[in-house]
Structure formats: C-alpha cells, structure tokens
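This report describes one protein chain, from its overall make-up down to selected residues. The sequence and the structure come before the details.

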Amino acid sequence: AYGAGVTYGFPIGETQRINFGGSIEYTSITEGVFPVLEIAEFLDENGNDTLNYKLNLSWQSITLNRGIFPTRGQQHVISAETSIPGSDLLFYKLQYQGDIYVPLWRSFSGRVRTKVAYGDGWGDTNGLPFYENLYAGGFGSVRGFERNTLGPRSTEPLFDPDGPEGPEPAQPVYGGDPDPFGGNVLVEAGFELIFPLPFVEDDRAFRSVLFVDSGQVFNTSCPDVSAYCSGIDFDQIVYAVGLSVTWLAGLGPMTFGIAYPMNAGPYEEEEQFQFELGRTF
C-alpha cells in the first residue's frame, strides 16, 4: 500500500482542538498459495487492487494537569474516517476514547478509561476491508493478553493431499489454531489505582498502578466463510487484573507489567508478563 495525505488542525479554545484532512491510498494484495478463507472471499468480491479516497475529522479536549503521568483532569477524543464516492471500496470508522484522572488521597489517584470503535461498509461494499479491521489486546488495551489477539479468528482452508490434481480446497477447518483476524466493533474499559512506589520521592520519573482491564472485539458483518466469527456478545468480554510500573529512562518510558487474565476463551492468547518501550500512559 502507498499513498499520501494531509491533515489540518486548529484550536477552538484553550483545551479543545479540531483536526481534519484527507488522503489517497492505493492497495495491492497478492494472494498467497493457501490464503485463509476470509481473504480469499474478500479478493473474489473486490479484486486485488483498490484505490480509495478518504476524509477524516476529529475533536479532542484535554484538561490534564501534566503531559506525562497526569494525576487529574480529563482527555476525550472523537474521530471519524470515511472513504468517499469514487473510491473502489466504501467504508467508515467511528471512535471515541476517554480518560478521566481523579485525585483520591495524598499521592493516590484513580484513572478511568474507555474506548469504543465501530466500522462498516456502505454502498456496494460489504463490511470493512479485512486490512482495516479493529484489534484489541496488549499494553494500552487489555493487558494480560498478547497484542491484537482478541476477537474473531481466521478460517484456515482444508486440503485433500490425495486429490487428483494435488491439494484442493474443501470445507473450512473448525479446529486447529486460527490466527487473530479482527472485527468491526471494539469495546474496552479499565480502572487504575495510581499509587507511589515506596522509597521513591520523584513521582514524575516512576508510575505504578494496580489495574483492571476489560474488552473485546466483535464482528457484525462476518464473512460467509467464517467459522470463528459472531456478532456482539458481551458474555465474551475478557477481564484481567494486574500491576504495572513505568520508568522514564534515558531511552524512553519503559513499562513492566504482570497481569492475570480471568476468563480467557479457547483462542485468546494470554501473556502474563509484558514489557513495552515508549508508551507513557
């Protein structure tokens, strides 16, 4: 894929900002020898090459008391993106992300966060292109699970190695180890108790939190061939509790986390110890 775009932004107050822009993107997909059935179906319906024109708009409000390691204030971002007529594929995405920090007692603070997103096709396009799918899991999402592994899975083709002309596609496989494939609906929520580390006086260099994370990805426009895809089912939302510590080191923020996933499904990929370089909050 390659393309170009431009985004403009301007303040509409001391704490609010509007951003808008547009882009053009060309995508070419080379089908593998045995692609998963969702990709094969997408290419059959839409072809291998697409040219899309996109518009985007976002609004953000930030009243945090610090740019890094805030302890009070709020941050809200609403964004929308859509391709426009003249594009080969017509689809859109909507997203809201919010953070609220509340001082509790002395150096203790609380953080409540949420993120919801939705996307779909419109016009003659059925659902999001698979490479535009939403994903969840990992730091900044639902800790305790590997990055981008929650939600619907791909459906591997089944082959008959003894066929008269070599391997031939047959029926979808309903077992094995399918890969994460993403979806068009994302929901996340979490709570953090921010507390000071013992014997550490400078709370601007370290941040330690006890957290509860929850979230999941769903697909309301499942491909016909999918075996591991279903609509919105809040009983599938996963939860995790844990502890993480972030250190503002010379190389950048370094975060270490230990999490315990409480209700992982049969295909959710757990990761109880996690490390990340570069994320501040």
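## Overall make-up

Helices and strands here are DSSP runs, numbered from the N terminus; a helix needs at least four residues and a strand at least two. The model is predicted. On that basis the protein chain holds 1 helix and 11 strands, and their order along the sequence is β-β-α-β-β-β-β-β-β-β-β-β.

The C-alpha trace spans about 75 × 45 × 35 Å along its principal axes. Of the 281 residues in the protein chain, 41% count as buried. Taking contacts between residues at least 6 apart in sequence, 63% join residues at least 24 apart.

## Surface and charge

The accessible surface of the protein chain amounts to about 15,000 Å². Carbon and sulfur atoms account for 57% of that surface.

Among the side chains, 15 are positive and 36 are negative. The centres of these two sets lie 20 Å apart.

## Helix α1 and the loop before it

Helix α1 covers residues 37-46. Because 7 of its 10 residues are buried, α1 is largely enclosed by the rest of the structure. The buried residues are Leu37, Glu38, Ile39, Ala40, Glu41, Phe42 and Leu43. Gly47, just after α1, has a positive phi of about 85°.

Glu31 is found in the loop between β2 (16-28) and α1. Its relative accessible area is 40%, so Glu31 is classed as partly exposed; the class runs between the buried limit of 20% and the exposed limit of 50%. Beyond residues up to four places away in sequence, Glu31 touches Ala40, Leu43 and Asn48. Two of these contacts, Ala40 and Leu43, are on the list of buried α1 residues. Glu31 and Asn48 are 17 residues apart along the chain, and their C-alpha atoms are separated by 7.9 Å.

## Aromatic rings

A search of the whole structure gives 13 aromatic pairs. In one of them, the ring centres of Tyr228 and Tyr267 are 5.2 Å apart and the planes stand at 75°, so the pair is edge-to-face; the angle is over the 60 degrees that this class requires. This pair links distant parts of the chain, with the two positions 39 residues apart in numbering. Tyr228 belongs to the loop between β8 (206-218) and β9 (238-249), while Tyr267 belongs to the loop between β10 (252-261) and β11 (273-277). Tyr228 is buried, at 13% relative accessible area, whereas Tyr267 is partly exposed, at 27%.

Phe42, Phe130, Tyr131 and Phe181 form one aromatic cluster. Phe42 is also one of the buried residues of α1. Elsewhere, a charge meets a ring: the charged end of Arg143 sits over the ring of Phe211, 3.8 Å from the ring centre.

## Leu277 in strand β11

Leu277 lies in strand β11. Its relative accessibility is 49%, so Leu277 counts as partly exposed. Apart from neighbours within four places in sequence, Leu277 is in contact with Leu251, Gly252, Pro253 and Met254.

Thr246 is 31 residues from Leu277 along the chain. The C-alpha atoms of these two residues are separated by 9.3 Å.

Notes
Residues are numbered from 1 along each chain as its sequence is written. This is a predicted model: local features need pLDDT of at least 70, side-chain atom pairs count only at pLDDT 80 or more; totals for chains, interfaces and linings use all residues. Side-chain values use heavy atoms; hydrogens and water are left out. Rings of Phe, Tyr and Trp (its six-membered ring) pair if their centres lie within 6.5 Å; planes under 30 degrees apart count as stacked, over 60 as edge-to-face and the rest as tilted. Buried means under 20% relative accessible area, exposed over 50%, partly exposed in between (1.4 Å probe, protein chains only). A charge sits over a ring if NZ of Lys or CZ of Arg is within 6 Å of the ring centre and within 35 degrees of the ring normal. Contact means heavy atoms within 4.5 Å. Accessible areas come from the Shrake-Rupley method with a 1.4 Å probe; for residues, only the protein chains shown count as cover. Lys and Arg count as positive and Asp and Glu as negative; His and the chain ends are not counted. The place of a charge is taken as NZ of Lys, CZ of Arg, CG of Asp or CD of Glu.
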